[in-house]
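Reader: I've just opened this one and don't know my way around yet. Could you walk me through it?

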Amino acid sequence: MEESKRKTAVVSKTEMEKQREYCEKAASVISKRYQKKPLACVVTYGCQQNVADSEHIKGMLSQIGYSFTEERTEAKLIIFNTCAVREHAEDRVFGNVGMLKSYKRENPDVIIACCGCMMQQQHIADKIRQSFPFVDLVFGTHVVYRLPELLYSTLTRKKRVFELPDMDGAIAEGVPVLRDNDKKAWIPIMYGCNNFCSYCIVPYVRGRERSREAADVIAEAKELIESGYKEITLLGQNVNSYGKDLAPRVSFAQLLKSIAELDGDFRIRFMTSHPKDCTKELIETMAGCEKIAKHLHLPFQSGNDRVLKAMNRHYDRAKYLELIHYAKELMGDALSITSDVIVGFPGETYEEFRDTLSLVSEVKFTSLFTFIYSPRKGTPAAEMPDPVSAEEKGRWFKELTDLQETISAENMKKNAGRLFKCFVYGKGKLGDNYIAARTDGNLIIEFEGDENLIGTFQKIKVTEPLTYVLKGEMERNQL
Ligand code: SAH
Ligand code: SF4
Ligand code: F3S
């Protein structure tokens, strides 16, 4: 890889080597301190990007010599990997960290750490510093790869460690990873965000957009497929702008194609697509590659053009619908479309909100992630007048979720008789001899079948749509 041509900073090999040495130093400290392998508990909030970061955190901890537990009160090290996207997410973190105060008093050797997007905000780090003195280690989103060094400092010094550089961020290759699942894997293909949607904190806490080299992503995908992974999800806040910082440039569609061309029986997913950068080329690539899941997660946020402009989204309703219609035209019933939407953006009127309702009625999403607007300190929207009461927004929210429920139920019924290529992932709940499979669009189909089908792809025909699950049967004549 020619690092010199990159516009993006890549963490040097020397630095990564240094971290490997810190792993060994920390390992030696903990093997002296504990008779048996100590347990670590990593608690993850937020999006898949955080889930992927936590898998790297666990990879590093595993090299240092930790095993893992879900039980906080069994752990010698507890790490909260936090999310800042809405106030509710932050409140939960404060509540959960606060609950460890007495545990820490009774077990002073336990290390409590906080990392992730929340910590990257000055006012939150200050609050942890002042009001949560039992938190030993705080580190930001740009220094996850330095955990071995930071943990070593925490283990050996008597002082609390805060490492929160505010920077654009760099890419660290070769960080160890311990994945949560042996069939489904996340691959971050880029980090950060440049879009500055007016309500969103992500660009402030995750830094500028930077893409991993295509060769690194493809090599990771290849290795996963060769070791039996069946579902690979490519991650980024806006995957459609992948590769703009690479020299030579590589488009997201090209990256997808290269992975889809790898040998093996697997499926590729990706998220999130931003409508402003979503191209027809991408939709054509999805339609043309069997190995790409026919699932498009395309957040629209609002169905009203004035609100979209105030959100700084850089597309309008017509452009969004054009993309959706094109995707439906190419992929038909096989396509599942999901989205994110915000209710009660500052200044949004009921009339404008009705445009969101009408867009939802028109597109008929498979499922919808609905959020009530939450002001984020430091973002432009937090300064905008916001006259609509929380109760009123709550009523709009309910109207939207009721509408989506009706649509989801109608969509479910339409599945009767359809044939889906599904990944069989585990035992079913409808009866003893049922096993469960997932369609590209994350619908669950249960069917009578042998447990040794688990971990394979099968064609399943829907026989009866129930409320949340579909009943089906396996096609004897697999295509
Ligand atoms: N990068 C992705 C979204 C990441 S955040 C994209 O642009 O599509 C996930 C979702 O959280 C967003 O799509 C948005 O719907 C919601 N969200 C972000 N900031 C929010 C806020 N301040 N209040 C409420 N919802 C918010
Ligand atoms: Fe936030 Fe917008 Fe970036 Fe998504 S694209 S992470 S909503 S700023
Ligand atoms: Fe939350 Fe950070 Fe993801 S703010 S949504 S965890 S990028």
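Author: Sure, and one term first: a residue is buried under 20% relative accessible area, exposed over 50%, and partly exposed in between. Keep in mind too that this is a predicted model.

Reader: Then is F196 buried, exposed or partly exposed?
Author: The relative accessible area of F196 is 30%. Buried would need under 20% and exposed over 50%. So F196 counts as partly exposed.

Reader: Where does F196 lie, and what is its phi?
Author: F196 sits in the loop between strand 8 (190–191) and helix 7 (202–206). F196 is not a glycine, yet its phi is positive, at about 50°.

Reader: Which residues surround ligand 2, and where does Q237 come in?
Author: Among the residues around ligand 2 are C193, C197, C200, H274 and R313, and F196 is there too. That shell divides into 7 nonpolar, 3 polar and 1 charged. Q237 is on the list for ligand 2, and the surroundings of ligand 3, with C47, C83, C117 and R206 among them, also include Q237.

Reader: On which side of helix 5 are its buried residues: the same side or opposite sides?
Author: The buried residues of helix 5 (residues 122–131) are I124, A125 and I128. They cover an arc of only 100° around the axis, so they share one side of helix 5. In general, an α-helix has 3.6 residues a turn, so residues three or four places apart point the same way. For I124, A125 and I128, that makes the answer the same side.

Reader: What covers those buried residues, and what does the face turned away carry?
Author: The cover includes helix 3 (87–98), strand 4 (111–116), strand 5 (137–139) and strand 6 (161–163). The face turned away from the buried side of helix 5 carries two exposed residues, Q122 and Q130.

Reader: How many strands does the closed barrel have, and in what order do they run?
Author: The pairing in the barrel is mixed. Neighbouring strands of this sheet are turned by 55° against each other on average, direction ignored. The closed barrel has 5 strands, running 15-16-17-19-18.

Reader: And what stands opposite K427 in strand 16?
Author: Strand 15 (residues 419–427) pairs with strand 16 (residues 434–438) in the antiparallel sense, over 4 bridges. Opposite K427, in strand 16, stands I435.

Reader: Which residues does the cis peptide bond with omega of about -5° join?
Author: One partner, P248, has its place in the loop between strand 10 (231–235) and helix 9 (252–260). The cis bond with omega of about -5° joins A247 and P248.

Key. Residues are numbered from 1 along each chain as its sequence is written. Chains are lettered from A and ligands numbered from 1 in the order in which they are written. This is a predicted model: local features need pLDDT of at least 70, side-chain atom pairs count only at pLDDT 80 or more; totals for chains, interfaces and linings use all residues. Side-chain values use heavy atoms; hydrogens and water are left out. Buried means under 20% relative accessible area, exposed over 50%, partly exposed in between (1.4 Å probe, protein chains only). The arc is that of the directions from the helix axis to the C-beta atoms. Contact means heavy atoms within 4.5 Å. Two strands pair if DSSP finds at least two bridges between them. Axes are lines fitted to C-alpha atoms, for helices over the stretch in contact, and angles run from 0 to 180 degrees between N-to-C directions. A residue is near a molecule or strand if one of its heavy atoms lies within 4 Å of it. Ala, Val, Leu, Ile, Met, Phe, Trp, Tyr, Cys and Pro count as nonpolar, Asp, Glu, Lys and Arg as charged, and the others, Gly among them, as polar.
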